[in-house]
Amino acid sequence: MELTHLLAIGLPVQTLAGSPAKSSTAPAAPPAKAPAAAPKKAAASPAAPAAKAGGKAPAAKAPAKAAAAPAPAQEAPAPRNMSPANALGGPAAQKTRQLYLDNTYLFEHAATLMDVWEDGEKVCVELDQTVFHPQGGGQPSDVGTISADGLPPLEVTFVAMDKSREGVVRHDCKGDLAAWRAAAAERRAVVCKVDDTKRRLFARLHSAGHLLDVAVHDIGFRWRPGKGYHFADGPYVEYIVTEEGRKMDKDLKAKEAVIQELCEKMKELIGKASKVQVTKVDGVRTVAFEDVSCGCGGTHVQHTGELLEVTVKKLTAKKDTMRVSYTVA
Ligand SMILES: [Zn+2]
């Protein structure tokens with residue numbers, strides 16, 4: 001089950017918010033050795049072409065129309081299953097039950113304190129279940145609060161999969177360590193509340209990245225998703241491109257035409273307001289926009305109409321990749 005490994009939760013956490021865009025790329029093939037730590041550098045590993053989720057052969061689709069940049073005829077169309085290299089799945093080992101996987105709009109939920117410990121200035125919290133999406137898969141960490149009767153609330157500043165314990169979500173907080181440690185000893189009941197404005201934005205940013213995969217494919221580009229960076233400070237998706245794609249980068253006119261074409265295709269796709277399908281097969285969570293599916297552990301909109309407007313801002317070619325930068329209205 002290559003995909004299971006590829007998607008294993010705990011695959012590298014992405015860039016820290018605010019730092020330059022360096023969304024990590026998990027090695028597509030050999031599993032598990034990647035720690036949850038944010039790697040210093042994004043290694044552009046070729047995305048496992050067509051992760052074969054559920055044993056389904058990826059269906060190919062003929063390009064709908066000629067792209068502005070001609071694609072070489074001899075090359076096979078990109079597969080419809082397009083897991084980006086940094087996909088973060090919703091897999092097997094979930095020590096902390098990850099409630100956000102089932103409902104993007106669940107902003108508040110009860111939980112039980114499992115453990116509280118100190119890490120420098122931070123008060124770190126483990127819960128039995130959480131509504132907080134940990135940073136990873138190109139999506140930023142949720143923030144919010146954890147509160148309990150009679151205790152000063154904790155401010156959750158960063159959430160990630162624990163580096164040393166598989167399947168455990170770690171909440172980094174600001175607050176009263178001693179009081180919360182005592183509460184953890186009693187396994188106290190708490191209430192988790194995510195900042196819903198940020199959650200909605202992150203879901204839209206991440207979903208826009210997936211819809212871009214659909215646009216790229218529908219237009220007929222033979223680009224394969226490499227990695228995504230769905231942070232508000234400059235979101236993009238990188239694609240592994242052909243020689244043709246790289247040539248196009250030098251042709252400003254062609255580039256402008258492609259940006260225009262992508263913008264129009266996104267508008268058309270958003271106008272369709274199609275339902276986003278989330279399924280789980282053999283512990284692998286798959287998210288499908290239109291008929292393009294991909295292993296993913298992110299929070300997503302329910303239908304593409306929620307994206308309102310996505311604008312492709314620029315294309316940047318680098319070695320074998322084409323970075324498509326976008327904004328969400
Ligand atoms: Zn995703």
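**Strand pairing, helix packing and positive phi in a predicted model**

In this predicted model, strand 3 and strand 7 (residues 169-174) pair in the antiparallel sense over three bridges.

Me: What makes strand 3 and strand 7 a pair?
Reply: Pairing requires at least two bridges between the strands. Strand 3 and strand 7 are joined by three bridges, and therefore they pair under the criterion of at least two. One position of contact can be named: V123 has C173 in strand 7 as its bridge partner.

Me: How do you know that strand 2 and strand 3 pair, and what lies between them?
Reply: Six bridges connect strand 2 (residues 108-119) with strand 3 (residues 122-127), and the two run antiparallel. The criterion is at least two bridges, so the pairing holds. E118 is placed opposite V123 of strand 3. The two strands form a hairpin with two residues between them, and G120 in the turn has a positive phi of about 60 degrees.

Me: Which strands are called edge strands in the sheet with the order 11-12-13?
Reply: This is an open sheet of three strands with antiparallel pairing. Strand 11 (277-281) and strand 13 (292-295) are its edge strands, since each pairs on one side only. On average, neighbouring strands of the sheet are turned by 25 degrees against each other, direction ignored. Strand 11 is joined to strand 12 (residues 284-289) by five bridges, and K280 has R285 in strand 12 as its bridge partner.

Me: Why is D282 called exposed?
Reply: A residue counts as exposed if 12 or fewer other C-beta atoms lie within 10 Å of its own. D282 has 12 such atoms within 10 Å and is therefore exposed. D282 sits in the loop between strand 11 and strand 12, and has a positive phi of about 50 degrees although it is not a glycine. Most residues other than glycine have a negative phi.

Me: Is K319 buried or exposed, and how do you know?
Reply: K319 has 9 C-beta neighbours inside 10 Å; the limit for an exposed residue is 12 or fewer, so K319 counts as exposed. K319 belongs to the loop between strand 14 (310-318) and strand 15 (321-328). Its phi is near 45 degrees, a positive value in a residue other than glycine.

Me: What makes up the contact of helix 3 with helix 5?
Reply: Helix 3 (residues 196-219) and helix 5 (residues 252-272) pack at an angle of about 115 degrees, with their axes 9 Å apart. The contact includes L211 and V214 of helix 3 and L262 and M266 of helix 5. Its residues divide into seven nonpolar, no polar and three charged. The crossing is right-handed.

Conventions:
Residues are numbered from 1 along each chain as its sequence is written. This is a predicted model: local features need pLDDT of at least 70, side-chain atom pairs count only at pLDDT 80 or more; totals for chains, interfaces and linings use all residues. Helices (H or I, at least four residues) and strands (E, at least two) are DSSP runs, numbered from the N terminus. Axes are lines fitted to C-alpha atoms, for helices over the stretch in contact, and angles run from 0 to 180 degrees between N-to-C directions. A crossing is left-handed if the near helix is turned anticlockwise from the far one by less than a right angle, and right-handed if clockwise. Two residues are in contact if their C-beta atoms, placed from the backbone, lie within 7 Å. Ala, Val, Leu, Ile, Met, Phe, Trp, Tyr, Cys and Pro count as nonpolar, Asp, Glu, Lys and Arg as charged, and the others, Gly among them, as polar. A residue is buried if 20 or more other C-beta atoms lie within 10 Å of its own, exposed if 12 or fewer, and partly exposed in between; C-beta atoms are placed from the backbone.
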